[in-house]
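Trainee: Hi! Have you got a few minutes to go through a structure with me?
Mentor: Sure, put it up and ask away.

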Amino acid sequence: MNHMRYRVKLFPEITIKSRPVRKEMVRCLRTNLRNSLAPLVPDVRIADCWDALEVRIRRPIDETTRERVEDVLSRTSGIHETLVIEAYTFTSFDDTAAHLAALWQEALAGQRFRVSVKRRGQHDFTSAELERYLGGALLAAAPQARVDLTQPDVDVTLELQDQHLRLVTRRLPGLGGYPLGTQGQALALISGGYDSPVAAWRMIRRGLKTHYLFFNLGGAAHERTVREVVHRVWQGYSASHRVHFISVPFEEVLDEIQRRVPAGLAGVVLKRMMLRAANRVAARARIPALITGDALAQVSSQSVTNLGLIDRVSERPVLRPLIADDKQRIIEDAQRIGTAEHAERLPEYCGTISRRPNTRPKLAQIEAAEADFDMSVLDAALEAASRTRVDRLLDAPPSRPLDVPVIASADALRAAEDVTVIDIRHPDERDAAPLKLPHGEPLAIPFYELAARAAQLSGRQRYALYCAQGVMSKMQALRLADQGLDNFLVYRDDAHAER
């Protein structure tokens, strides 16, 4: 059990701001830390030391609480580094050396070290004199160590202010960035894959209070997983603020796009519909900016041309923090923030709707493609949107996992005599590459008609949904399961897909 004290070093970019801006940022950081730490240690005190904050915990805490406190400090934006310190009253060189040896004797064995003293106040000795004395005392306590003033393995640090002695026992790297809330608010379009949670996290790190907007294309099971992703990002990096999660049922919008829009333009039109909806949600909440997980050329809708066409429908700036990132770096960040495990089991729905997508369409083509779109479908989706405070996202009862039975080959289908295959691809795609089965012919029901026609199919029969990649089939099977229709599974014929 220990009384703990932490010295929180500010992110360097904060320290070069003008005095009023710096003062406001430090005030926000102090409030954010108090909001996050108070549930763990109710009597925490946070003092402003101008170039740092000092977190003082006035009662003993156990090891578990200490770890949770340090986790908060490492995940709070605006912090460059946190020094874990032990505080004493300075009495003499000998007394200081005794404290230092007790802390560092074992750690210095076989290491190169130096002693760094930061001193303020009136003393009858210099910092260099104290450093030399303490270095000699540590060498005597750890004879296998040696002093290295230029490239030490260990930097033994202490601060002396008047008679207040602080010994630095550990250094915790911080998140950096600006304190949350200092840069206003934004609305992040979130899908639960690798990209969008990382994009939201990066903007949180830059000080944006971030709300979340989810366009549901995969039913309740999909939404439940995305809720878990959002809750993890919020709890880990922005729990000092209350934000909201807005879910918009977008299946009918997607169905309308598939009915009305040429296949090669469907992906861009879908993103334009999402941005139209996002602007209306943001306008109601007075949120001035949007965030997306777009990365240049990662998928067809993220070409420079298509991003420009998508942005034309937005009344607000669209922030894209991942725009120049490689996928591997995005995945590494997803692993760092704890969302990768969810992304690994979530299908990427948006990337499956366009066959032979056009990466350089003209504006006139997009506008012509949208001319027949029934905008009342978009209006209805927004009317049906739900809004949940992020700290309550996990209150709903658990839904089914995102698992659907799969028939993974023609041989497996041949053995499943009670299964009827439904080809749910767009008619143009079916005509271009007809599906050959080991026995019989598939039913042809495009996925945008499946929900309306599924109830007419026999409840005693099992149906395997087929599409080129298996993602749309899984999405539709989950959607039907949400309606109580559990007799739908997925058929994946990799040999046919390769053709």
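Trainee: Let me start with a small one: which residue stands opposite aspartate 423 in strand 17?
Mentor: That's alanine 444. Keep in mind as we go that this is a predicted model.

Trainee: Noted. How many bridges join strand 16 to strand 17, and which way do the two run?
Mentor: Two bridges join them, and the strands run parallel. Strand 16 covers residues 419-423. Besides the pair you asked about, isoleucine 422 has leucine 443 as its bridge partner in strand 17.

Trainee: And what stands opposite isoleucine 422 in strand 18?
Mentor: Leucine 465 does. Strand 18 spans residues 462-466, and five bridges join it to strand 16, again in parallel.

Trainee: What's the strand order in that whole sheet?
Mentor: It goes 15-19-18-16-17, an open sheet of five strands with parallel pairing. Strand 15 (406-407) and strand 17 (443-444) are the edge strands, each pairing on one side only.

Trainee: Is strand 16 largely enclosed or largely open to the outside?
Mentor: Largely enclosed by the rest of the structure, because four of its five residues are buried.

Trainee: There's a six-stranded sheet too. What order does that one have?
Mentor: The order is 13-12-9-10-11-14, and the sheet is open with mixed pairing. Strand 13 (318-319) and strand 14 (386-389) stand at the edges; each has a single partner strand, so one side of each has no neighbour in the sheet.

Trainee: What joins strand 9 to strand 12?
Mentor: Two bridges, with the strands running parallel. Strand 9 is made of residues 185-189, and its alanine 188 stands opposite isoleucine 291 in strand 12.

Trainee: Let's switch to helices. How many of the residues of helix 6 are buried?
Mentor: For helix 6, residues 195-205, the count is 10 of the 11, so this helix is largely enclosed by the rest of the structure. Among the buried residues are Asp195, Trp201, Arg202 and Met203.

Trainee: Nice, some charged residues in that list. What happens just after the helix?
Mentor: Glycine 207 takes a positive phi there, about 100 degrees.

Trainee: Which residues other than glycine have a positive phi?
Mentor: Two to look at are arginine 286, with phi near 55 degrees, and alanine 297, with phi near 70 degrees. For context, most residues other than glycine have a negative phi.

Trainee: Where do those two sit?
Mentor: In loops. Arginine 286 lies between helix 9 (266-285) and strand 12 (290-291), while alanine 297 is found between strand 12 and helix 10 (304-311).

Trainee: Buried or exposed?
Mentor: Arginine 286 counts as exposed at 75% relative accessibility. Alanine 297 is exposed as well, with a relative accessible area of 61%.

Trainee: Back to helices: how do helix 8 and helix 14 pack?
Mentor: Helix 8 (residues 251-260) and helix 14 (residues 375-383) pack at an angle of about 165 degrees, with axes 9 Å apart. An angle over 145 degrees counts as roughly antiparallel, so that is how the two helices are described. Their crossing is left-handed.

Trainee: Which residues meet there?
Mentor: Glu252, Val253 and Glu256 from helix 8 meet Val377, Leu378 and Ala381 from helix 14.

Trainee: New topic. How many disulfides does a search of the whole structure find?
Mentor: Zero. Take cysteine 28: the nearest cysteine sulfur belongs to cysteine 49 and is 18 Å away. A disulfide would need the sulfur atoms within 2.5 Å.

Trainee: Is cysteine 28 buried or exposed?
Mentor: Buried, at 11% relative accessibility. Cysteine 467 is buried too, with a relative accessible area of 8%.

Trainee: Last one, histidine 99. Where is its place, and what does it touch?
Mentor: Histidine 99 is in helix 4, residues 93-104. Leaving aside residues up to four places away in sequence, histidine 99 touches Tyr88 and Leu167. With a relative accessible area of 21%, histidine 99 is partly exposed, since buried would need a value under 20%.

Trainee: And how far is glutamate 86 from histidine 99?
Mentor: They are 9.6 Å apart in space, C-alpha to C-alpha, and 13 residues apart in sequence.

Trainee: Great, thanks for the tour!

Technical notes:
Residues are numbered from 1 along each chain as its sequence is written. This is a predicted model: local features need pLDDT of at least 70, side-chain atom pairs count only at pLDDT 80 or more; totals for chains, interfaces and linings use all residues. Side-chain values use heavy atoms; hydrogens and water are left out. Two strands pair if DSSP finds at least two bridges between them. Buried means under 20% relative accessible area, exposed over 50%, partly exposed in between (1.4 Å probe, protein chains only). Axes are lines fitted to C-alpha atoms, for helices over the stretch in contact, and angles run from 0 to 180 degrees between N-to-C directions. Angles under 35 degrees count as roughly parallel, over 145 as roughly antiparallel, 65 to 115 as roughly perpendicular and the rest as oblique. A crossing is left-handed if the near helix is turned anticlockwise from the far one by less than a right angle, and right-handed if clockwise. Contact means heavy atoms within 4.5 Å.
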